[in-house]
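Let's take a walk through this one together, starting from a single helix and working outward. Keep the viewer open and click along as you read.

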Amino acid sequence: MSESIIVSGATKKEKYESLIPQIKALVEGEKDWIANLSNIIAALKFGMDFFWVGFYFVKETGNDKKELVLGPFQGPVACTRIAFGKGVCGKGWETKQTIIVEDVDLFPGHIACSSLSRSEIVVPAFNKEGEVILILDVDSEHLSNFDETDKMYLQQVITIIEGCTN
Ligand code: SME
């Protein structure tokens, strides 16, 4: 979506600019990880009007392996577990990169939790050792909904999250 398009009286950039300080204030003075992540997800859902937004945690599976497991989210019911390298989320974990998918049907191995999802962005968060600890995943019902503006501001959200944990 172009930044010049006005949605509900505010551009995407204006929405993020208003939201980021609110997210900082929400987690300030609170150390509980799940409480903070839950509030951040609710703030993103209602502040940005995302279709689906949530976290996938990197968790031990018990046999010396790890996988992504669904954490706090807002939106329709979603896939619970995602393997390393699988789907957009697993690819974000594997490559340690933010991934923007303009059309999920064109992304090899995309995992469709909802048939309504058309485009997606995933952003990894890291611990002090540089390992991925979680993936922030955002889905849209519209094609090409995410761009460098989302990447920049969602990475700021990730920095706030990393500050809560490290
Ligand atoms: N589409 C994601 C799966 C998670 S849902 O979108 C909530 C993927 O391909 O990894």
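What covers the buried residues of α4? The cover includes α1 (12-27), α2 (33-48), β1 (52-60), β5 (119-126) and β6 (132-140), where contact means heavy atoms within 4.5 Å. Helices here (H or I, at least four residues) and strands (E, at least two) are DSSP runs, numbered from the N terminus.

Before going further, a word on the ground rules: this is a predicted model, so local features need pLDDT of at least 70 and side-chain atom pairs count only at pLDDT 80 or more, while totals for chains, interfaces and linings use all residues. Residues are numbered from 1 along each chain as its sequence is written, and side-chain values use heavy atoms, with hydrogens and water left out.

Back to α4, which runs over residues 148-165. Its 18 residues, at 1.5 Å each, should span 26 Å, and the C-alpha atoms at its ends are indeed 26 Å apart; the expected span is 1.5 Å times one less than the number of residues. Several α4 residues are buried, among them Tyr153, Leu154, Val157, Ile158 and Ile161. "Buried" means under 20% relative accessible area, "exposed" means over 50%, and "partly exposed" is in between (1.4 Å probe, protein chains only).

Now look at the N-terminal end of α4. Aspartate 147 caps it, with a side-chain oxygen 3.0 Å from the backbone nitrogen of threonine 149. That's a polar contact: a pair of N or O atoms within 3.5 Å, where within protein one must be able to donate a hydrogen and the other to accept it, and residues adjacent in sequence count only if both atoms are side-chain atoms.

Which residue does aspartate 150 meet in a salt bridge? Its partner is lysine 12, at 2.4 Å, N to O. Aspartate 150 sits in helix α4 and lysine 12 in helix α1, so this pair ties together parts that are 138 residues apart in sequence. Both ends are tucked away: aspartate 150 is buried at a relative accessible area of 1%, and lysine 12 is buried at 9%. Asp147 turns up again here, since Lys12, Asp147 and Asp150 are linked in a network of salt bridges. A salt bridge, by the way, is a side-chain nitrogen of Lys or Arg within 4 Å of a carboxyl oxygen of Asp or Glu, and the structure holds 5 of them.

Another one joins arginine 81 and glutamate 67 (2.6 Å, N to O). Arginine 81 is in strand β3 (residues 81-82) and glutamate 67 in strand β2 (residues 66-74), so the pair ties together parts 14 residues apart in sequence. Arginine 81 is exposed at 51% relative accessible area, whereas glutamate 67 counts as buried at 18%.

Then there's lysine 91 with glutamate 94, at 3.2 Å, N to O. Both lie in helix α3 (residues 87-95), 3 residues apart, or about one turn of the helix. An α-helix has 3.6 residues a turn, so residues three or four places apart point the same way.

Last stop, the aromatics. Rings of Phe, Tyr and Trp (its six-membered ring) pair if their centres lie within 6.5 Å; planes under 30 degrees apart count as stacked, over 60 as edge-to-face and the rest as tilted. By this rule there are 6 aromatic pairs. One of them, tryptophan 52 with phenylalanine 73, is stacked, at 5.5 Å centre to centre and 20° between the planes. Tryptophan 52 is in strand β1 and phenylalanine 73 in strand β2, so the pair ties together parts 21 residues apart in sequence. Add Tyr56, and Trp52, Tyr56 and Phe73 form one aromatic cluster.
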